[in-house]
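Reader: I'd like to go through this one label by label and hear what backs each of them up. Can we do that?

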Amino acid sequence: MSSDLFIEEARIVLENGVELSNWSEYVIDSDYLTPTDGWSFSFHPDTFDMDAWKAYRDLIRPDYKVSIYIGDKLQLTGWIDSVTHNSSSSGGLTVNVQGRDILKVLVKSNIHPDFKIKDRKLIDVVEDVVQMYYTNPPDVIYQNAENRSIAG
């Protein structure tokens, strides 16, 4: 299958459901031993009409949600880490958006200082942290046999 097919079928959807069109490239960095996938995409806002750009720019900020689809299959959902703007001498603006998938909040490990850990099992702490950050929490698998079966 041609890699061009994936590029043509890729869709980037912002937090409010608006599909970002006119993107020029996207990358999904998936490493087996890295606990969260990184991703990035670039687009040129000067190719939008101003009303469309105004609708997009307020949703392209750190900690806003983005989903990337290939065709109609969801590849990942994640949060924006950074947004950079670049311009070239030939003119035009390029916006690069980088982030990590939905496990970002677990890897980032920010919890409130009042969170109690003493005299608790690790499994209970993880469950509480997952409940803190997710409206629809992902399944957390603890047994090695289950992890191996999921990994394939």
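Author: Sure, starting with sheets: two strands pair if DSSP finds at least two bridges between them, and strands (E, at least two residues) are, like helices (H or I, at least four), DSSP runs numbered from the N terminus. Here seven strands make an open sheet in the order S2-S1-S5-S6-S7-S4-S3, with antiparallel pairing. This is a predicted model, where local features need pLDDT of at least 70 and side-chain atom pairs count only at pLDDT 80 or more, while totals for chains, interfaces and linings use all residues. Residues are numbered from 1 along each chain as its sequence is written, and side-chain values use heavy atoms, leaving out hydrogens and water.

Reader: What makes S2 and S3 edge strands?

Author: S2 and S3 each have a single partner strand, so one side of each is left without a neighbour in the sheet.

Reader: How do you know that S3 and S4 pair?

Author: DSSP has to find at least two bridges, and S3 and S4 share six, in the antiparallel sense. Tyr26 stands opposite Phe41 in S4.

Reader: Why is Thr77 called buried?

Author: Buried means under 20% relative accessible area, exposed over 50%, and partly exposed in between (1.4 Å probe, protein chains only). Thr77 has 16%, so it is buried. Thr77 lies in strand S6, residues 73-87.

Reader: What makes the link from Thr77 to Ser67 a polar contact?

Author: The term asks for a pair of N or O atoms within 3.5 Å; within protein, one must be able to donate a hydrogen and the other to accept it, and residues adjacent in sequence count only if both atoms are side-chain atoms. The side chains of Thr77 and Ser67 make such a contact at 3.3 Å.

Reader: And why is Asp81 with Arg100 called a salt bridge?

Author: That label needs a side-chain nitrogen of Lys or Arg within 4 Å of a carboxyl oxygen of Asp or Glu. The closest N and O atoms of Asp81 and Arg100 are 2.8 Å apart. Asp81 lies in strand S6 and Arg100 in strand S7, so the pair ties together parts that are 19 residues apart in sequence.

Reader: Are those two residues buried or exposed?

Author: Neither label fits: Asp81 is partly exposed at 29%, and Arg100 is partly exposed too, at 23%.

Reader: How many salt bridges are there in the whole structure?

Author: Four. Another one joins the side chains of Arg11 and Glu19, at 3.3 Å from N to O.
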